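Biologist: Please show me the chain and its fold, and then let us work through them together by question and answer.

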Amino acid sequence: MNAGRWLMTGGGVLACLAGANPALADVTIGPRFSYYFDNSNLRTSDLDGLQDARQVVDEALTQELIDASGFDDLTLSVQDNGSASNADQVGFPMVGAMINFGNDRDRFTLTAMYGKGETTTELVSSRQFTIEVADIGINELSIIQTVATDKIDRIDLELTWQRRLNENFAILAGARYERLDISGQGAITIQETDAVRSFVAETLGEEPPTRNLDGANLPTSILTSRNLETLSARVGVTAFIPFNRSAVAFFNGMVQGSYQPNSNFNTRFFGVNDNLVREENRTDRGELSIGPDFAVGVQFILTDNIALDIRYRAILYFPLSGDFDFGDSRVNHGVNLGVSFRL
């Protein structure tokens, strides 16, 4: 078998075409399998923008307390102590197919992949509420823990153009589209002292707070949904080295620029009786990013018309705009396996 008769497909990698009469309209097809990891849910530099599950007081209530108590010097302050999250990166088993076509100089590869993943995230937020009247201070601490499981459907579409320069190098460019459809379900646990709420109730002539709540205003579970899309353009080079008559090692190195449009994050809060407490819609800002996209692997020529492709690929997205810091990058990486059938 001559490795020079094959085009390395599924990432735009070209093996040398050394045959005396190369086919000018070669078409190669085949299934693709991969297991990818995505760390998007581990980025934390946007936590200040996350909304807590419950807000005990607000500005309108502050003025109401002043009016009811007669204390002009009454002040109500809220201190956000921040949020912390804990989660594992998402793993995606994916399956799809590719088609590669062209001549011995210019080749095009179209790949489509689909997979599902799941992850559990724990988010802990805390706030401190303080009422000051004359020389008296009343403090209340609220700690909110949300544990949610996200189920994610993922679609990857990629088109790559490759031009052969010589027997060992080629240039390549292409476009990529990713879509994540995310639906989550979780439980909320709220731990808080009652000092501020007791003062509010007493001042307004209401019943004092009780731990035997009916769920009318205290959320205990949530349902979330959002869609994330990423559009990328990339350009780079590929190198390949046949190391025997039936195997070729290769390396792809590219630079990619990506855009993730604004996305809507919908959250519905439910009480202990599964009654809808409230619904929130948050818009996350779009993100421009840049970074490397590289792959290393080996293709084994099994027969004149069948080849096996194994590779590792990693894509890094460093944000230039949006809700995340430049150093808080998104990373996709994993292994790919493909079988190619030359028609």
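The dialogue below goes from the overall fold to single residues.

Modeller: Please keep in mind that this is a predicted model, in which local features need pLDDT of at least 70, side-chain atom pairs count only at pLDDT 80 or more, and totals for chains, interfaces and linings use all residues. Residues are numbered from 1 along each chain as its sequence is written, and side-chain values use heavy atoms, with hydrogens and water left out.

Biologist: How many helices and strands are there in the protein chain?

Modeller: Helices (H or I, at least four residues) and strands (E, at least two) are taken as DSSP runs and numbered from the N terminus. By that rule the protein chain has 2 helices and 13 strands.

Biologist: What percentage of the residues count as buried?

Modeller: Buried means under 20% relative accessible area, exposed means over 50%, and partly exposed lies in between (1.4 Å probe, protein chains only). The protein chain has 343 residues, and the buried portion is 44%.

Biologist: Among contacts with a separation of 6 or more, what percentage join residues 24 or more positions apart?

Modeller: A contact means heavy atoms within 4.5 Å. Of the contacts in the protein chain with a separation of 6 or more, the portion between residues 24 or more positions apart is 74%.

Biologist: Over how many bridges do β5 and β6 pair?

Modeller: Two strands pair if DSSP finds at least two bridges between them. A hairpin joins β5 to β6 through 4 residues, and I155 stands opposite R179 in β6. Strand β5 (residues 136–164) and strand β6 (residues 169–192) run in the antiparallel sense, and the number of bridges is 23.

Biologist: Which residue in β7 stands opposite A170?

Modeller: β6 also pairs with strand β7 (residues 221–244), in the antiparallel sense over 19 bridges. Within this pairing of β6 and β7, the residue opposite A170 is T238.

Biologist: Which elements each supply at least two residues of the largest nonpolar core?

Modeller: A nonpolar core is a set of buried Ala, Val, Leu, Ile, Met, Phe, Trp, Tyr and Cys residues joined through side-chain atoms within 4.5 Å. The largest one has 11 residues, including L65, F129 and F199. The elements that each supply at least two of its residues are α1 (59–69), β4 (106–133) and α2 (195–204).

Biologist: How many residues does the second, separate core have?

Modeller: This second core includes V90, F92, M113 and I182. Its residue count is 8.

Biologist: Why does the salt bridge of R342 and D26 tie together distant parts of the sequence?

Modeller: A salt bridge is a side-chain nitrogen of Lys or Arg within 4 Å of a carboxyl oxygen of Asp or Glu; the count comes to 19. In the bridge between R342 and D26 the closest N and O atoms are 2.5 Å apart. R342 lies in strand β13 (residues 330–342) and D26 in strand β1 (residues 26–38), so the parts tied together are apart in sequence by 316 residues.

Biologist: Are R342 and D26 buried or exposed?

Modeller: Their strands, β1 and β13, pair in the antiparallel sense over 9 bridges, and I29 stands opposite F341 in β13. As for R342 and D26, both are buried.

Biologist: Which residue forms a salt bridge with R311?

Modeller: Strand β12 (residues 306–319) pairs with β13 in the antiparallel sense over 12 bridges, and R311 stands opposite N336 in β13. R311 and its salt-bridge partner are both buried. With the closest N and O atoms 2.5 Å apart, that partner is D309.

Biologist: Why is the pair of F101 and F108 called stacked or edge-to-face?

Modeller: Rings of Phe, Tyr and Trp (its six-membered ring) pair if their centres lie within 6.5 Å; planes under 30 degrees apart count as stacked, over 60 as edge-to-face and the rest as tilted. The whole structure holds 3 aromatic pairs. The rings of F101 and F108 have centres 5.8 Å apart and planes at 25°, so the pair is stacked.

Biologist: What separates the C-alpha atoms of D328 and R43?

Modeller: D328 lies in the loop between β12 and β13 and is buried, with a relative accessible area of 15%. D328 and R43 are 285 residues apart along the chain, and their C-alpha atoms are separated by 6.1 Å.
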